[in-house]
Amino acid sequence: MTDFRDRDFRDSDFGDRDFRDRATVREILTATGDTWAVVGLSNNTRRAAYGVAQVLQRYGKRIVPVHPKAETVLGEPGYPTLADVPFQVDVVDVFVNSSLAGEVADQAVAKGAEAVWFQLDVIDEDAYRRTTAAGLRMVMDRCPAIEIPLL
């Protein structure tokens, strides 16, 4: 597997876009709406998604758990898929492995989200191309719980 952290992402693969771009990170965290669908969020407190969702809530974001079990998590009702969420979501935060993440990004486009956030080590270059071509902002291989306190 390629170590993407050592690669220059402003090369021909992404044009002049950097999928870890600080300006895009800031824009998603501050200028995009506050409703975040967290795909892969369950009541398992040992999973990263749970801790990140807690941080997002502390910073005023509404979290929407999206998990096949559709559990209520951190006081918010869950839904089995993005398509099942009966209201608009602004950002789709993806906690699935890279092989499944592209499908979630496509669902975010279909749902009408404004942005997609792939967590640390979740990278799908084709999904990045499709998602940004559809007009959404997107970052990969970043964590909002790390980034938001730095703003």
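## A walk from the core to the pocket

Start inside: the largest nonpolar core has 26 residues, and L82, V92, V94, V116 and F118 have the most contacts within it. Keep in mind that you're looking at a predicted model. To see where this core comes from, colour β1 (35-39), β2 (62-66), β3 (91-94), α3, β4 (115-118) and α4 (125-133), each of which supplies at least two residues. The top contributor is α3, with four residues.

Now select L82 and show its surroundings. Leaving out residues up to four places away in sequence, L82 touches A37, V39, V66, V92, V104, Q107, A108 and K111. There's also a second, separate core of 21 residues; pick out A49, Y50, V73 and A115, which are among its members.

Next stop, the largest pocket, with a volume of about 400 Å³. Its lining counts 19 residues, and to centre your view, select V39, G40, P68, F95 and V96, which lie nearest the middle of the pocket. Two elements, α2 (48-58) and α3 (98-111), give two or more residues to that lining. The largest share is again from α3, at four residues. Colour the lining by class and you'll get 11 nonpolar, six polar and two charged residues.

Last, jump to E27, in helix α1 (residues 22-31). Is E27 buried or exposed? Neither: its relative accessible area is 35%, so E27 counts as partly exposed. Beyond residues up to four places away in sequence, E27 touches T32 and R137. For a final distance, pick the C-alpha atoms of E27 and A115: they're 9.7 Å apart, with the two positions 88 residues apart along the chain.

How values were computed. Residues are numbered from 1 along each chain as its sequence is written. This is a predicted model: local features need pLDDT of at least 70, side-chain atom pairs count only at pLDDT 80 or more; totals for chains, interfaces and linings use all residues. Side-chain values use heavy atoms; hydrogens and water are left out. Buried means under 20% relative accessible area, exposed over 50%, partly exposed in between (1.4 Å probe, protein chains only). Contact means heavy atoms within 4.5 Å. On a 1 Å grid over the protein atoms alone, a cavity is a set of points where a 1.4 Å probe fits but cannot get out, and a pocket is an open set with protein on both sides within 12 Å along at least five of seven lines; lining residues have an atom within 4 Å of a point. Grid points are joined across faces, edges and corners, and a volume is the space filled by probe spheres set on the points. Ala, Val, Leu, Ile, Met, Phe, Trp, Tyr, Cys and Pro count as nonpolar, Asp, Glu, Lys and Arg as charged, and the others, Gly among them, as polar. A nonpolar core is a set of buried Ala, Val, Leu, Ile, Met, Phe, Trp, Tyr and Cys residues joined through side-chain atoms within 4.5 Å.
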